[in-house]
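Reader: Hey, I'm new to reading protein structures. Could you walk me through this one?

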Amino acid sequence: MQNWLLPDYLSDILPAEARRIEELRRRLLDLYRAHGFEMVTPPLVEYTDSLLVGQSDSLSLQTCTLVDQISGRNIGVRADMTPQITRIDAHLLNREGVTRLCYCGTVLHARPAGLLSDRELMQIGAEIYGYEGVEADIQVIQLALESLMTAGVSAVRVDLNYPGITRALIQAFSGFNQDTVTEIYTYLKDKDKTSLALLLDQYPTLPAQIKSGLLALPTLYGGVEILDKAQEILPPLAEVQKGIQSLRAIVAELNTAQLSIDLADVTGYAYHTGVIFALYADGWHEALVRGGRYDNLSEAFGRARAATGFSLDLRKLSTHLTPASPSKAIKAPWLNDKALNSQINALREAGYIVVQELPNSHISVDEFIFEQELVFEQGEWQLKKIAD
């Protein structure tokens, strides 16, 4: 038996990549703190009653569950940290005003999200609670863009949608059953207008305006001019107009970014209540960042709160970044010498990397380049350049 093998879609992180991920984690958390976000760290597992509250079936299928040996209740290994952060805001902090929280931790998926995906992700994100206005959505999108800029990612494209538009069109007709609603979302996701039309033809009492609106959704993707087209052809339902105006407000604030609109994007339709967004960049086969508004998810924890935020996977983000360069280091012998150890400590406190070579051994590393060493000359320990 090859006991060094790992389960499928799980992998070790070796030194250079681990350092790159850790340095990126620190920079992003410092960025979020500079914007006023407070960091919280929820547990890796918790009762599924709270971990999956208000969530879609897809997240339930992604959550690995087991029985707690102490309570006998079902607990789950988190597949997404957002519900946990929501619980902290609603139940533990219990604040009345606007709260900004950030977080970073490991999440585990029961199955990979795609052929090129891992099951273990290093999720980092930021959430704003207690503010219903579009200004909060704008801030999290700008912060998400700044996150990728901090990581060195350029030419980022922002995809925007407002799932409430689709939801409003569906809810405007009471004749749809849940199976039909699921089919509608499936055809919208695939932009399969032909199948969608055949499905809607089965409902002769469906108002023509609603039918034409649903059939228009798969065509409403492209540049920001799509909003003008949507204004013209979609029915003037209140939620539809609210969605278009919210998207216009965000587009106006992000006028320097590369923007696209996709009103048939139904990602997270059962979860999000307002504007959603995804950030893409060349070199990555799928979205680097996803986020959006999810008002009142916290109602299950006893207190309904407006909420919007985003998250990303640090491991995925790091895959196409410039490889981490080895760091310069100083080599020193391992001796019981007070003067030597004092100088080593002083160098480390000054920010230098000092690696001591153990007796009768040699140093084997990939992360460090030794350009200097401590040698004893003329009665004192001196830094000397190592000969090539």
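Author: Sure, we'll start with the whole protein and then go through some of its side-chain pairs. Keep in mind that this is a predicted model: local features need pLDDT of at least 70, side-chain atom pairs count only at pLDDT 80 or more, and totals for chains, interfaces and linings use all residues. Residues are numbered from 1 along each chain as its sequence is written, and side-chain values use heavy atoms, with hydrogens and water left out.

Reader: Ok, how many helices and strands are there in the protein?

Author: The protein has 13 helices and 16 strands. Those are DSSP runs numbered from the N terminus: H or I over at least four residues for helices, E over at least two for strands. Along the principal axes, the C-alpha atoms fill a box of roughly 100 × 55 × 50 Å.

Reader: And what percentage of the residues count as buried?

Author: Of the 388 residues, 45% do. Buried means under 20% relative accessible area, exposed means over 50%, and partly exposed is in between, using a 1.4 Å probe and protein chains only.

Reader: What about the accessible surface, how much of that belongs to carbon and sulfur atoms?

Author: The accessible surface comes to about 20,400 Å², and 51% of it belongs to carbon and sulfur atoms. The areas come from the Shrake-Rupley method with a 1.4 Å probe; for residues, only the protein chains shown count as cover.

Reader: Which residues make a nonpolar surface patch?

Author: Tyr9, Leu115 and Leu116 make one of about 380 Å². Patches use residues with over 30% relative accessible area and no salt bridge; like charges are joined within 9 Å, and nonpolar side chains (Val, Leu, Ile, Met, Phe, Trp, Tyr) within 5 Å. Leu116 sits in the loop between strand 5 (99-108) and strand 6 (120-129), and Leu116 is exposed, with a relative accessible area of 67%.

Reader: You said salt bridge. How many salt bridges does a search of the whole structure find?

Author: It finds 19. A salt bridge here is a side-chain nitrogen of Lys or Arg within 4 Å of a carboxyl oxygen of Asp or Glu.

Reader: Cool, show me one. How far apart are Glu22 and Arg25 in helix 1?

Author: They are three residues apart in helix 1 (residues 15-34), so about one helical turn separates them. Their side chains meet in a salt bridge, 2.7 Å from N to O. Glu22 is partly exposed at 25% relative accessible area, and Arg25 is partly exposed at 23%.

Reader: Which residue does Asp49 form a salt bridge with?

Author: Asp49 pairs with Arg73, the closest N and O atoms being 3.1 Å apart. Asp49 lies in helix 2 (residues 48-51) and Arg73 in the loop between strand 3 (64-67) and strand 4 (74-77), so the pair ties together parts that are 24 residues apart in sequence. Asp49 is exposed at 57%, while Arg73 is partly exposed at 37%.

Reader: Next up, Lys191 and Asp262. Where do they lie?

Author: Lys191 lies in the loop between helix 7 and helix 8 and Asp262 in strand 9, so their pair ties together parts that are 71 residues apart in sequence. Their side chains meet in a salt bridge, 2.9 Å from N to O. Lys191 is partly exposed at 31%, and Asp262 is buried at 16%.

Reader: Leaving aside its neighbours within four places in sequence, what is Asp262 in contact with?

Author: Asp262 is in contact with Leu160, Asn161, Lys191, Leu220 and Tyr221. Contact means heavy atoms within 4.5 Å.

Reader: Switching topic: how many aromatic pairs does the structure hold?

Author: Six. Rings of Phe, Tyr and Trp (its six-membered ring) pair if their centres lie within 6.5 Å; planes under 30 degrees apart count as stacked, over 60 as edge-to-face and the rest as tilted. In one of them, the rings of Phe173 and Phe176 have centres 4.9 Å apart and planes at 75 degrees, so that pair is edge-to-face. Phe173 and Tyr203 form an edge-to-face pair too, at 6.0 Å centre to centre and 85 degrees between the planes.

Reader: Are Phe173 and Phe176 buried or exposed?

Author: Both are buried. Tyr203 is buried as well, at 16% relative accessibility. Ring pairs link Phe173, Phe176 and Tyr203 into a cluster.
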